[in-house]
Amino acid sequence: MEQLQCKDLSLGYEGRAVLSGVNFSVSAGDYLCIVGENGSGKSTLMKTILGLMKPLGGTIRWGEGMRENEIGYLPQQTAVQKDFPATVWEIVLSGCQSRTGRRPFYSKAEKELARKNMERMGITAFARRCYRQLSGGQQQRVLLARALCATQKLLLLDEPVSGLDPKVTAEMYDLIQGLNREDVTIIMISHDISAALHFASHILHVGHDIFFGTVEAYQSSPMAKRFLDTEGGENA
Amino acid sequence: MMDMLRQYLSFPFVQYALVVGVLIALCSSLLGVTLVLKRFSFIGDGLSHVAFGAMAVAGVLHLTNDMLFVLPMTVLCAILLLRTGQNTKIKGDAAVAMISVGALAMGYLLLNLFSTSSNLSGDVCTTLFGSTSILTLTQAEVWLCVGLSSAVVVIFLLFYNKIFAVTFDEDFARACGTRVEAYNLLIAIVIAVIIVLAMNLVGSLLISALIIFPAMSAMRLFRSFRGVTVCSAALSVTCALLGILISILGGTPVGSTIVAVDIAAFLIFSVIAWLTRKAG
């Protein structure tokens, strides 16, 4: 089942296009990695998909029953959050905000959902701890649990492993892969091309040229060869 | 000393001052955390100057109840400042500075040109530092204060979860379909109401202190958003009560006494935080 389809999308700031001619689609259970050089418009693309920015042209179409209640987002951390007085519980619960509608307080079912997702991410023990005192990897798990409260179907992750050490990075990738196996669709921006090739089912490479297709097709494309020579050389 | 206090407390104007002082202190502390964390402190500061300008205009126009003029003006400016502040950061800062300093200058100019009062500098001092205005409240003003502060508390409680969500992560909230702009507007309007209320207590120059100090003190010690909010409310009310009582007994100006107590509380909280961190 197709969950998201972008057709001839062009995006950018104040009328100036950063990217144009973006075509891709995502089906239930896919694991899509968005790769490309710095400044190629990966984050802008994600913001446009999320509806934080208006596209300059083209269409974004959501599948049956998708939108708003069905997307979980893991943003890059902001400076404000690093010094924010909030417990893990408060943050995870805020992932249910789209479910409350006009109701001012969280229901029992929503609290139960938050509890379940904290367990899923292995952070139940930290529930009463302060977010700012956690390690980088623990903080990412908290934000992932929050995103899971917002969705059962589709997660959008903006560089979920940036700033994490190799061991924690590997754990994070395992967690995400585990979610994907539970039929959660993943769309992830990644700097780490080797991990992208290892875990993803599809690749969207943005920049001057745009590639979209399965990992296998990507690996034999001339674009990937050029990119891997420059980027992969640094990371390997 | 207790006898003197008991005697003062039997005066209706002292009772009014205590009731209104507690309510204003409660309201102003609630949004402090949000204001500090959202980097909205500058809007609070700018708005207090706007409120001064509006107060001067109201004085010149000889309005019987100046709050009815000052409140809509301040709310309007809150909306304007939020609009400009969101688009581009630097321009927003400059806009706040322009509006706030402009309002301050125009207010003083108007007072000088058109004032009928014989004690101009006394009037200005009262508006800026709230020296005695809390003790000269009319019954209508007290009721207006009670009504507005109850509204602020109710709105805060109803939207507590959304305010938290919008403060912690705007982008995530927006991606979830939460109407972030609407909530930012709501926060700005509530701040404007709080500022107009607090002008009675501490005067327009000291309002930011009333909003920011309790929140900053609570953030030293508490780790949850709820804990910080409850603590800053309790702390703010305690400091206001202490400040008013001290100022009545000692004959000091109410506003600056309250702020002095707030500062003392902040220092105490900082020391406790430092000691617990050292011990743990």
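**Strand pairing in chain A, the fold of chain B and their contact**

From the N terminus on, chain B of this predicted model is built as α-α-α-α-α-α-α-α-α-α-α-α-α-α. The count for chain B is thus given as 14 helices and zero strands. The C-alpha trace of chain B spans about 55 × 45 × 30 Å along its principal axes. A compact globule of 280 residues would have a radius of gyration near 19 Å, and the value for chain B is 19 Å, so the two agree. Of the 280 residues of chain B, 46% count as buried. Among the contacts in chain B with a separation of 6 or more, 74% are accounted for by residues 24 or more positions apart.

Chain A contains strands. Strand β1 (residues 2–13) of chain A runs antiparallel to strand β2 (residues 16–27) of chain A, and eight bridges join them. A:Gly12 has A:Ala17 of β2(A) opposite. The two strands β1(A) and β2(A) form a hairpin with two residues between them, and in the turn A:Glu14 has a positive phi of about 45°. β1(A) also pairs with strand β4 (residues 57–62) of chain A, in the antiparallel sense and over five bridges. In this pairing, A:Ser10 stands opposite A:Gly57 of β4(A).

An open sheet of six strands in chain A follows the order β5-β6-β7-β3-β8-β9, and its pairing is mixed. The edges are taken by β5 and β9 (211–214) of chain A; each has a single partner strand, so one side of each is left without a neighbour in the sheet. On average, neighbouring strands of this sheet are turned by 15° against each other, direction ignored. Within the order, strand β3 (residues 31–35) and strand β7 (residues 185–189) of chain A pair in the parallel sense over four bridges. A:Leu32 stands opposite A:Ile187 in β7(A). Helix α1 (residues 42–50) of chain A lies across β3, β5, β6 (154–158) and β7 of chain A, and runs at about 150° to β6(A).

Between the chains, 23 residues of chain A are in contact with 24 residues of chain B. On the side of chain A that touches chain B, at least two residues each are supplied by β5 (71–74), α2 (88–93) and α3 (97–100) of chain A. The residues of this side of chain A comprise 15 nonpolar, six polar and two charged. β5 of chain A therefore appears both at an edge of the sheet and among the elements that supply residues to the side touching chain B.

Terms used. Residues are numbered from 1 along each chain as its sequence is written. Chains are lettered from A and ligands numbered from 1 in the order in which they are written. This is a predicted model: local features need pLDDT of at least 70, side-chain atom pairs count only at pLDDT 80 or more; totals for chains, interfaces and linings use all residues. Two strands pair if DSSP finds at least two bridges between them. Two residues are in contact if their C-beta atoms, placed from the backbone, lie within 7 Å. Ala, Val, Leu, Ile, Met, Phe, Trp, Tyr, Cys and Pro count as nonpolar, Asp, Glu, Lys and Arg as charged, and the others, Gly among them, as polar. Axes are lines fitted to C-alpha atoms, for helices over the stretch in contact, and angles run from 0 to 180 degrees between N-to-C directions. The radius of gyration is taken over C-alpha atoms; the globule rule is 2.2 Å times the number of residues to the power 0.38. A residue is buried if 20 or more other C-beta atoms lie within 10 Å of its own, exposed if 12 or fewer, and partly exposed in between; C-beta atoms are placed from the backbone.
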